[in-house]
Amino acid sequence: MMQAGIFTGYFPYGLEETAKKIRGLGFNTVQLDLHFKDVDLSAGQITRDKAKKVRDTFRDHNLPVCCVSGYTNIIHPDKAEREKRVGYLMEIIRNARHFGSPYVISETGTYNTESDWVHHPKNKTEEGFEECRKVIADLAQTAYDHGAVFLLETYVNNVVGSIEETVKMFAQVDHPGLGLLMDPTNYFETHNIDRMDQILNQVFDTLTDKIRIAHAKDVKRSGSDKSEKHADIGDDDAMESHTFRGVGEIELPAPGLGSLNYDLYLQRLAEKHPNIPVIIEHLSEDDVPRAKKFLDGKLRAGGL
């Protein structure tokens, strides 16, 4: 049966309190965000002892770490900024096993300097793709060298933003150090959201063997507000990847608040990954019980 998990970053507390609150909500696995009020895990500050403390704290609360967040813009057009961001991601990858999981996740980024989630024309060029491919190949090799796996997460406005681009990247970086984070909502745009079941089936028909971890959020048309949307999740220092809720024609709310065909999604996911962690996201702490109840209900109804 599949496991329902949650990002630790939606709980803006110290390490021990975060683990206690998550376990109190009935979860049995977490995606680890390196963001706690009482442990500095910023660039250059990760140590084996700190990683062990984090890992052991979650284990002591029966919350094994299933993957680690490394979200950043890996192809930022400012070379110094890119080097800094990729350098920290590499640091996380090198220490992933010490945190308790081989899997480290990031999207592929954009050449837009204003936002990590807004399109830029270079994203869809051969030059842009090749630059991104080189970075991902390096990340995959670093992961492999340290017993880890870098998980690419597709997102429509990034360099790898479609099923076809995801397939192309895995063909060009055919490496045991590279896997896929499955989030079907990230493949939808205004031109294909009305063909939801077709797109979901295409995603699984072409990419299922690459999947290692799955996410649970939702997707819907944004209505009149086309601006980049961010939510207040009660943490002034929250990572933007946790406050982001969509841009342009598409909004990405919490699970159960959009139009994703969850029955089909979970059924297709379970075919080859019957025990995979499914990590809830795009919400605030006060909405976690509702979202978990929704996901648990879908899993229960599907016998998954």
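Let's start with two phenylalanines: Phe 36 and Phe 58 are both buried. Keep in mind as you look around that this is a predicted model.

What kind of aromatic pair do Phe 36 and Phe 58 form? Theirs is a tilted one, with 6.1 Å from centre to centre and 45° between the planes. The pair ties together distant parts of the chain. Phe 36 sits in the loop between strand S2 (30-32) and helix H2 (48-60), while Phe 58 belongs to helix H2, and their positions lie 22 residues apart.

Stay with Phe 58 for a moment. Leaving out residues up to four places away in sequence, Phe 58 touches a whole list of neighbours, including Thr 8, Leu 15, Ile 22, Val 30, Leu 32 and, of course, Phe 36. Now zoom out to the largest nonpolar core, which has 97 residues. Phe 58 is among the residues with the most contacts inside that core, together with Ile 6 and Leu 269.

Back to the rings. How many aromatic pairs are there? The count comes to five. One of them joins Phe 7 and Tyr 10: their ring centres are 5.9 Å apart and their planes meet at 80°, so this pair is edge-to-face. Phe 7 and Tyr 10 are both buried. You can also look for an aromatic cluster, made up of Phe 204, Tyr 262, Tyr 265 and Phe 294.

Next, let's walk along helix H9, residues 288-301. Does its length come out as expected or not? With 14 residues at 1.5 Å a residue, H9 should span 20 Å, and its end C-alpha atoms are indeed 20 Å apart. The buried residues of H9 are Val 288, Ala 291, Lys 292, Leu 295 and Leu 299. Look down the axis of H9 and you'll see these buried residues fall within an arc of 100°, so they line one face of the helix. On the face turned away from that buried side, you'll find the exposed residues Lys 293, Arg 300 and Ala 301. And what covers the buried residues of H9? The cover includes strand S1 (3-7), strand S7 (211-216), helix H8 (262-272) and strand S12 (277-280). Just past the helix, Gly 303 takes a positive phi of about 65°.

Two of those covering elements, H8 and S12, lead us to Ile 276, which is found in the loop between them. Is Ile 276 buried or exposed? With a relative accessible area of 4%, Ile 276 is buried. Setting aside residues up to four places away in sequence, Ile 276 touches Met 2, Gln 3, Ile 211, Arg 212, Ile 213, Ala 214 and Leu 269. You met Leu 269 earlier, as one of the residues with the most contacts inside the largest core. For a look across the model, go from Ile 276 to Glu 189: they are 87 residues apart along the chain, and their C-alpha atoms are separated by 26 Å.

Last stop: the cysteines. How many disulfides does the model have? The count is zero. Take Cys 66 and Cys 67, for example. Why don't these two bond? The closest cysteine sulfur to that of Cys 66 is in Cys 67, 3.7 Å away, and that's too far for a bond, because a disulfide needs the sulfur atoms within 2.5 Å. Cys 66 counts as buried at 9% relative accessibility, and Cys 67 is buried too, with a relative accessible area of 0%.

Note on methods. Residues are numbered from 1 along each chain as its sequence is written. This is a predicted model: local features need pLDDT of at least 70, side-chain atom pairs count only at pLDDT 80 or more; totals for chains, interfaces and linings use all residues. Side-chain values use heavy atoms; hydrogens and water are left out. A nonpolar core is a set of buried Ala, Val, Leu, Ile, Met, Phe, Trp, Tyr and Cys residues joined through side-chain atoms within 4.5 Å. Buried means under 20% relative accessible area, exposed over 50%, partly exposed in between (1.4 Å probe, protein chains only). Contact means heavy atoms within 4.5 Å. Helices (H or I, at least four residues) and strands (E, at least two) are DSSP runs, numbered from the N terminus. The expected span of a helix is 1.5 Å times one less than its number of residues. The arc is that of the directions from the helix axis to the C-beta atoms. Rings of Phe, Tyr and Trp (its six-membered ring) pair if their centres lie within 6.5 Å; planes under 30 degrees apart count as stacked, over 60 as edge-to-face and the rest as tilted.
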